[in-house]
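Me: I'd like to learn how to read a multi-chain model, one feature at a time. Can you take me through one?

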Amino acid sequence: MAGRDAQSVPWFAEERPQAVLADGARLDGRSFEEFRSVFLKTGVISQASGSAYAEFGRTKVMVGVYGPRQSDRRQGYSERGRLACDVKLATFATRQRGIFGQSQEEREHSAAMQTALEAAANLDSFPKATVDVYCLVLEAGGSELAVAITAAALALADAGIELFDLVSACSVSRVEGSLLLDPSADETHREDGGLLLAMMPTVNEVTQLVSRGQWSGAELKDGLELAMGGCAQLDAAARQCLREAAAAAAAKQAAEDGAAAAQPAAA
Amino acid sequence: MASPLLSGSEVQWISAGVGFNCRNDGRARDEYRPLEVELGVLAQATGSARVRLGETDVIVGVKAEIGSPDPDRPNCGRLNFAVECSPVASPAFRGRGGDELSGELARALERSMYPGPSGRGGGLDLSVLSIVTGKTCWVVYVDVLLLNIGGNLHDAVSVAAKAALADARIPRVEVVPGEDPTDEPDYEVDDDPSQAQRLDTAGLPLCVTVSQIGRHCVVDLTTEEELCSSASLQVAVNSSGAVCGLTKRRQQGLDPSVMLEMVEVAQRAAAKLHAALADTLAAQQAQQMAVG
Amino acid sequence: MGRRRSAAAQPRQPLPSQAMSAAAAAAAPGGSEALQAEAFQRLYPDQYLAKFVAQGVRPDGRPLALPRATSIGLGVVTTADASALVKIGSTTVLAGAKCEVMPASADEPDKGRLVVQVEMAPLCSAECRPGRPSEAAQALGEQLGALMEGAGVVDRRQLCIDAGKAAWAVYLDLYVLDADGSLYDACLLAALATLASLRLHAVTVDDAGRIHKAGEDGAAAAPAAVAQQRPGSQQQGAAPPLRSLQLDCQPVSLTCGVYRGQLLVDPTAEEEPLLEALLTATVDEQGDVLGFYKAGGSATASQQRVLECIEAAKMRGKEVRGLLQQALEAAGVADGGAVAAGS
């Protein structure tokens, strides 16, 4: 009995809010250019080469990186390394229960993430090998793909893959003419148009841009500027997270060396 | 996809040609290859079109069936896009080989033509496809078949899809209520082609792929030129110049100012493409009216 | 030749830790011993473990009979009707339950449905790949489902809305996020915690098949307002529109391994391939055995080992039920279990 039975019907105790902008302010009290509360942590999966967990408000994403490891035989020889991305939403992550297999949207997210990260990774440093980036969205509270890309870049850094720069990504939604940064799921549901931008802020290169809905040239420029500002903010937060992780690892190593020096190992 | 192998000198030759604004076939950087559109190629389908853009050959068939609407949008019909990469185009498409490419093309079409999650922002007004609100509507299946790969698939596919939808003739449906008010109403489908309704495709966008070769933005690449490009942007633009969907493909990063420039190039190219397609469609439809 | 063979048998290790330890070895003089120990573990994992077990400890410092530190977090995913995150050492499992309404089935008109599925996310271990669920995940799912049915953890009559017309279908999905041994224990605990914290809305189904909240609009509006203020926690059980599930029993399992005649409780993923046999015992609150599982392995388990394992499982059960009770109270959710957890 796998997957959703065709007979059962979802029922929600609360309906989605009809309007997400009340008197020109967002429902959760943020300004139009404010992120939700951001939490980033690396090294959360003990089995993976590198991993990261990101929580932006109600969006929770976990990424695990394995590799570089041997490429699949079917993929053939390649002088450059390969990056394989896989994005999956947990069945309970969305309001309505999802299916167990991979839906079209997930395949598209995987392709978008691959384009976003490939420009940043130094693929020549692991020829003939593949780095697998597996992403699982535990709760989809809005802008899942943007959060996933940011977390994936952190996980790649945690795994020690050479990167030209950290990639950070954010989404912008246009609701009733106003541009909202880092929209929640309710805001995305009511948008006229949206865009996702992934860029490498220090090198100032855009690695991925996906837009939905109609945008005029001027609106697109405004949206891009807002998103680029958001990415710069995220970049600072991501670098801080990596610095803290490195400091913690160094402290742990120093403590272990101290303990080892005190008692010689019996091995 | 069995892509031709290019030597380093060929890549240099193509890049230099782009720099001189004279490509291998003599086109300028922002010129499209000659576009041939043929309507009504499949007699059994509700609407169909065949598009040849240089070497690229695409056939689209549109079929309308009665189905139930989306629970989120009970007063709208539905649109389903499916792309098949025929093994005729390349032996690599045997079996499941072409799944990735076809999925990519189908999703790109869907994103540009279908309204977003809020129901707004779509190119096609789907409420005309509704028969009984909340219960029945027309479900339009757009099936694309790739016959030959000559580069620039996205553009050819979007032109073909728009042309086929313009050609589609949805039969008129009469809802006959049953004797009992709680009974399921009866549907009478009118087979008369002259009574059929046509879809208003004026708002549908066309996709333009702008790529970067060296330091220049180029439009409508052939297969060889695609192998030389490092980054490309797919922009879906509608006839009034608004951008309906944007996706970046390929590995290289893009400078933001270059990206905005590419969007402008795409908007200019799309205007020309829309004009060319509108002319062809008008001519073909006038021909059909004269014959039929 | 022997070195190459054992190199093939070793578990995959992340590269950067080797790089980091090499760097540390270069930096600090005491670090070279750590590097030697790690190299020894990679090349001769069996002898490495044997040296520890001979001293009565494990590589991570635990005595042989001590399970790892366990933690339970409830209500972590707000889009799910109930969720639980269980960590046993590094093994992490996230369970989420979603409720849907289904028409009552013809052969069991007064019972609802409980569907348990386990997925080992590709990020949990180097052996997992995206695509079809692996055999390990399917085996876990079947074991769990069989236990839920056989032990009668949830009486499905509670899931009925309207006998013969409609009932709840509860889909319990478990995702293994980090596979570091004892997956079955973690999955069972996560499933149990989720079901214990699940709240069912009181609904009615009218003749046209539409679903309404039971009670007037005032009673229905109040829980909605509360939910918006406190998105993370479960709703207070004071409002009648919500009722919790009664669990008939609370099964807790413990996995032990047999290694050179000794019983290793709660093995990690490093130790598992070296064990001769793997035993899993599931016991309920009274100490009765609900399930015992020993699949193959290169050694048999003597009666003494089996009894040792069951005893260890009983003690573990007390500890874990206490933790679960604490977690339920901390989440502000009244205990739904029938029997008071022994502590």
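Reply: Start with domains. This is a predicted model. The domain assignment splits chain C into domain 1 (70-246 + 322-330) and domain 2 (252-318).

Me: How many residues of domain 1 of chain C are in contact with domain 2 of chain C?

Reply: 13 residues of domain 1 of chain C touch 15 residues of domain 2 of chain C. Next, look at area. Domain 1 and domain 2 of chain C bury about 1,000 Å² between them. Carbon and sulfur atoms account for 48% of that.

Me: What holds for salt bridges and polar contacts between domain 1 of chain C and domain 2 of chain C?

Reply: The rule finds zero salt bridges across that interface of chain C. Polar contacts come to seven residue pairs between domain 1 and domain 2 of chain C, with both residues at pLDDT 80 or more. On the domain 1 side, the elements giving two or more residues are α5 (135-151) and α6 (183-196) of chain C. By class, that side has six nonpolar, five polar and two charged residues.

Me: What does the secondary structure of chain C come to?

Reply: Eight helices and 14 strands. Then check burial. Of the 343 residues of chain C, 49% count as buried. Sequence separation is another thing to read. Take the contacts in chain C between residues at least 6 apart in sequence: 66% of them join residues at least 24 apart.

Me: Now an interface between chains. How many residues of chain A are in contact with chain B?

Reply: 30 residues of chain A meet 28 residues of chain B. Chain A and chain B bury about 2,600 Å² between them, with 53% of it on carbon and sulfur atoms. Then ask who contributes. E108(A), V206(A) and Q214(A) supply 20% of the area that chain A buries against chain B, more than any other three residues.

Me: Which side chains meet in a salt bridge?

Reply: Those of E108(A) and R107(B), at 2.5 Å, N to O. The rule finds one salt bridge across the interface of chain A and chain B. Polar contacts between chain A and chain B number seven residue pairs, both residues at pLDDT 80 or more.

Me: Which elements give two or more residues to the side of chain A that touches chain B?

Reply: They are α1, α3 (185-189), β12 (205-215) and α4 (217-262) of chain A. The largest share, 11 residues, comes from β12(A). By class, this side of chain A has nine nonpolar, 11 polar and 10 charged residues.

Me: Let's go down to single residues. Is E139(A) buried or exposed?

Reply: Compare the relative accessible area with the cut-off. Buried means under 20%. E139(A) is at 1%, so E139(A) is buried. E139(A) sits in strand β8 of chain A. Then list its partners. The side chains of E139(A) and K60(A) are joined by a polar contact of 2.8 Å. Beyond its neighbours within four places in sequence, E139(A) touches residues including R58(A), T59(A) and A93(A). Chain C also appears in that list: V76(C), V77(C), T78(C) and T79(C) are in contact with E139(A).

Me: And V144(B), buried or exposed?

Reply: V144(B) has 3% relative accessibility, so V144(B) counts as buried. V144(B) lies in strand β6 (residues 136-148) of chain B. Now compare sequence with space. V144(B) and G61(B) are 83 residues apart in sequence, yet 6.5 Å apart in space, C-alpha to C-alpha. Leaving out residues up to four places away in sequence, V144(B) touches several residues, among them V58(B), A82(B), L109(B) and V157(B).

Me: Last topic: the backbone. What should I expect there?

Reply: Most residues other than glycine have a negative phi, and most peptide bonds are trans. Look for departures from that pattern.

Me: Where is there a cis peptide bond?

Reply: Between G67(A) and P68(A), with omega about -5°. P68(A) lies in strand β6 (residues 59-70) of chain A.

Me: Which residues have a positive phi?

Reply: K128(A) is one, with phi near 65°. K128(A) is in the loop between α1 (104-118) and β8 (129-139) of chain A. E176(A) is another, with phi near 50°. E176(A) is in the loop between β9 (168-175) and β10 (178-181) of chain A.

Me: Is E176(A) buried or exposed?

Reply: E176(A) has a relative accessible area of 56%, so E176(A) is exposed. The cut-off for exposed is over 50%.

Key. Residues numbered from 1 in each chain as written. Chains lettered and ligands numbered in written order. Predicted model: local features only at pLDDT ≥ 70, side-chain atom pairs only at ≥ 80, totals over all residues. Heavy atoms only, no water. Helix = DSSP H or I, 4+ residues; strand = E, 2+ residues; numbered from the N terminus. Buried < 20%, exposed > 50% of the residue type's maximum accessible area, 1.4 Å probe, protein only. Domains from an automatic or database assignment. Contact = heavy atoms within 4.5 Å. Buried area = accessible area lost by both parts, 1.4 Å probe. Salt bridge = Lys/Arg side-chain N within 4 Å of Asp/Glu carboxyl O. Polar contact = N/O pair within 3.5 Å; in protein donor to acceptor, adjacent residues only side chain to side chain. Nonpolar A, V, L, I, M, F, W, Y, C, P; charged D, E, K, R; others polar.
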